[in-house]
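Subject: Structure handover

Hi,

Here is the structure I promised to pass on. Please open it first, then read the notes underneath.

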Amino acid sequence: MQKIISGKVRDVYEIDDNHLVIVTTDRISAFDVILSKPVKDKGKVLNALSLFLV
């Protein structure tokens with residue numbers, strides 16, 4: 001697989017001309033704010049946003 005994009009919370013790989021794989025994580029960058037309470041289902045929310053924006 002060829003890596004197309006590497007971002008703060010997701011990487012995109014090309015499998016072939018018709019298929020991509022999107023890998024999302026709970027990585028934290030230096031610019032993230034640490035909240036006193038964790039965000040429930042953060043990964044699910046990020047994935048839903050990714051689907052919505054495509």
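**What was found**

Buried residues account for 11% of the 54 residues in the chain. Keep in mind that this is a predicted model. The chain exposes about 4800 Å². Carbon and sulfur atoms supply 62% of that area. As for contacts between residues at least 6 apart in sequence, 8% of them join residues at least 24 apart.

**Layout**

The chain has three strands and one helix. Along the sequence they follow the pattern β-β-β-α. The helix, helix 1, covers residues 42–53.

**The sheet**

The three strands make an open sheet. Their order is 1-2-3, and the pairing is antiparallel. Strand 1 (2–6) and strand 3 (19–24) are the edge strands, each pairing on one side only. From one strand to the next, the twist averages 25 degrees.

Take strand 1 and strand 2 to begin with. They pair in the antiparallel sense, over four bridges. Together they form a hairpin, with three residues between the strands. One bridge to look at involves Lys3, whose partner in strand 2 is Tyr13.

Next, strand 2 and strand 3. Strand 2 spans residues 10–16. Six bridges join strand 2 to strand 3, and the two run antiparallel. They also form a hairpin, here with two residues between them. Two pairs can be picked out by name. Asp16 has His19 as its bridge partner in strand 3. Glu14 has Leu20 as its bridge partner in strand 3.

**Leu20 and the nonpolar patch**

Leu20 lies in strand 3. Which residues does Leu20 contact, leaving aside its neighbours within four places in sequence? They are Val12, Tyr13 and Glu14. Glu14 is thus listed twice for Leu20: as a contact and as a bridge partner.

Is Leu20 buried or exposed? Its relative accessibility is 56%, so Leu20 counts as exposed; the cut-off is over 50%. Ile4, in strand 1, comes out in another class. Ile4 has 43% relative accessibility, so it counts as partly exposed, the class between 20% and 50%.

Both residues belong to a nonpolar surface patch. Ile4, Ile5 and Leu20 make this patch, and its area is about 290 Å². Patch residues need over 30% relative accessible area. Leu20, at 56%, meets that cut-off. Ile4, at 43%, meets it as well.

How far apart are the C-alpha atoms of Leu20 and Ile4? The separation is 9.1 Å, for two residues that are 16 residues apart along the chain. Leu20 sits in one edge strand, strand 3. Ile4 sits in the other, strand 1.

**The salt bridge**

How many salt bridges does the structure hold? One. The side chains of Lys44 and Asp41 meet in it, at 4.0 Å from N to O. The cut-off for a salt bridge is within 4 Å, so please note that distance if you rerun the count with another limit.

The two partners fall in separate accessibility classes. Lys44 is exposed, because its relative accessible area is 59% and the limit is over 50%. Asp41 is at 39% relative accessibility, so Asp41 counts as partly exposed.

**Gly43 and the helix**

Gly43 is found in helix 1. Its relative accessible area is 24%, so Gly43 is partly exposed. Buried would need a value under 20%. The C-alpha atoms of Gly43 and Asp26 are separated by 6.5 Å. Along the chain, these two residues are 17 residues apart.

**Where to look**

For a quick tour, begin with the open sheet in the order 1-2-3. Then go to the patch of Ile4, Ile5 and Leu20. After that, see the salt bridge between Lys44 and Asp41. End with Gly43 in helix 1 and its C-alpha separation of 6.5 Å from Asp26.

Best wishes

Definitions and conventions. Residues numbered from 1 in each chain as written. Predicted model: local features only at pLDDT ≥ 70, side-chain atom pairs only at ≥ 80, totals over all residues. Heavy atoms only, no water. Pairing = 2+ DSSP bridges. Axes fitted to C-alpha atoms, helices over the stretch in contact; angles between N-to-C directions. Buried < 20%, exposed > 50% of the residue type's maximum accessible area, 1.4 Å probe, protein only. Contact = heavy atoms within 4.5 Å. Areas by Shrake-Rupley, 256 points an atom, 1.4 Å probe, with all protein chains shown as cover. Patch = residues over 30% accessible without salt bridge, like charges linked within 9 Å, V, L, I, M, F, W, Y side chains within 5 Å.
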